[in-house]
Amino acid sequence: MLKFADLIEENIDELAALDTINAGKLFSLAKASEIPHAATLLRYYAGAADKIHGEVLKMSCELHAYTLREPIGVVGHIIPWNAPTTVFMLKVAPALAAGCTMVMKPAEQSPLSALFYAHLAEKAGIPDGVINVVAGFGPTAGAAVSSHMDIDMVSFTGSTEVGRIVMQAAATSNLKQVSLELGGKSPFIIFDDADLDTATDLALTGVLHNKGEICVAGSRVYVQEGIYEEFEKKLVAKAKAWSVGDPFDPNVHQGPQVDRKQFEKILSYIEHGKREGATLLTGGGRLGSEGYYIQPTIFTDVKEDSVIMKDEIFGPIMSLMKFRTTEEVIERANNTRYGLAAGVLTKNIDLANTVSRSIRAGIIWINCYLAIDNDCPYGGYKMSGFGRDLGLDGLHKYLHVKSVVTPIYNSPW
Ligand code: ADP
């Protein structure tokens, strides 16, 4: 695993270029952050590989018992196209450390870096058959993984809709274990005492990062009424200055959407927003006439029950809303079928604590957003799924717990 990490660092440019070509990622960001992060993930889990152990149990009678943690077996990973490197490695590294073998099914839109990682794994000396990358379409290759009788677990990241299909296939085949990291519609709550510059920067990158194609996008931004007007003005000015274009250009903030399907889906949500009576503050359509570029788009006066407030758009679209009280914003923030992430900006520790305990989501960012790290578990509540990636929780899901029991004395039990 350490050798694998070294090889990734030796091939950063090529790997970053593959993700840029395949998924429209910013080359500079892939090179500076996502590809190096894949190497750190391998090192993090390599460090955990020799610390996997069970416990000695306190039994009620004269028995000695302990638990073993054993590899779950063959893991099927099915991953999406928005973060081809990060999601590949946050599945593969812990499964390797757990001692599993695996079949990795990358998204049909972005298989290139996964195939290159398999090549680097082979060069690093990982035995044949341990990491098997099978590129293909969802309803064929993906379905073969989720319904296979010899696969012991499926670890899926993708849409809620496909997550449901994967879970059904697991249930009707061999009842393989399932872990699902699904969609989100995350609230970002900004209280009156927040610093305006920081707040507008975080809110904007929270939804525009990776052209909005991130499951934790802070797509519902709630700003307290005392700073709302000024916040809106600053935010819109920053959104207008956000540059969209060639993802290989280091001065560009946002590249093209992944493919025509996603591009058209986002544009149709923008039209929904307009039809549903939301006020368009900036953006609102494609950029130029070539390529899948979409203008950073901000709506306000969005009704809580409208389609653009309920559905995950997975594009550079923000709903910006005003709120008055803490109770009100907690209720509105929780008014979603998803529960992946949430952000809260305030200098008031009591407020931050109240909000973070009240929001039903797998990760809460206080005075930051999109802060993701190797040791920090990541996953959803509600229809954002279950099971965790990253951290030791992301390792333990690939391990069975076996109890071993024996009498202390040599008497027959
Ligand atoms: P999105 O809707 O964002 O494109 P999906 O959830 O469709 O994301 O895709 C995530 C992954 O699920 C991809 O690797 C895709 O090929 C796979 N997939 C799609 N349909 C199925 C299916 N019926 N069974 C198993 N995997 C699928």
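How do the residues of the shell around the ligand divide into nonpolar, polar and charged? The shell has ten nonpolar, five polar and two charged residues, where Ala, Val, Leu, Ile, Met, Phe, Trp, Tyr, Cys and Pro count as nonpolar, Asp, Glu, Lys and Arg as charged, and the others, Gly among them, as polar.

The model is predicted: local features need pLDDT of at least 70 and side-chain atom pairs pLDDT 80 or more, while totals for chains, interfaces and linings use all residues. Residues are numbered from 1 along each chain as its sequence is written.

Of the 17 residues around the ligand (C-beta atom, placed from the backbone, within 6 Å of it), Gly138, Gly142, Gly158, Ser159 and Val162 come nearest. The elements giving two or more residues to this shell are α6 (138-147) and α7 (160-172), and α6 gives the most, with five.

The protein has 14 helices and 16 strands, taken as DSSP runs numbered from the N terminus (helices H or I, at least four residues; strands E, at least two).

| Property of the protein | Value |
|---|---|
| Radius of gyration (over C-alpha atoms) | 23 Å |
| Globule rule for 413 residues (2.2 Å times the number of residues to the power 0.38) | 22 Å |

The two values are close, so the protein is as compact as a globular protein of that length.

Of the 413 residues, 47% count as buried, meaning that 20 or more other C-beta atoms, placed from the backbone, lie within 10 Å of the residue's own. The largest nonpolar core (buried Ala, Val, Leu, Ile, Met, Phe, Trp, Tyr and Cys joined through C-beta atoms within 7 Å) has 120 residues, with Leu42 and Ile190 making the most contacts inside it. Helix α4 (residues 84-98) gives the most to this core, with ten residues.

Note on methods: A residue is buried if 20 or more other C-beta atoms lie within 10 Å of its own, exposed if 12 or fewer, and partly exposed in between; C-beta atoms are placed from the backbone.
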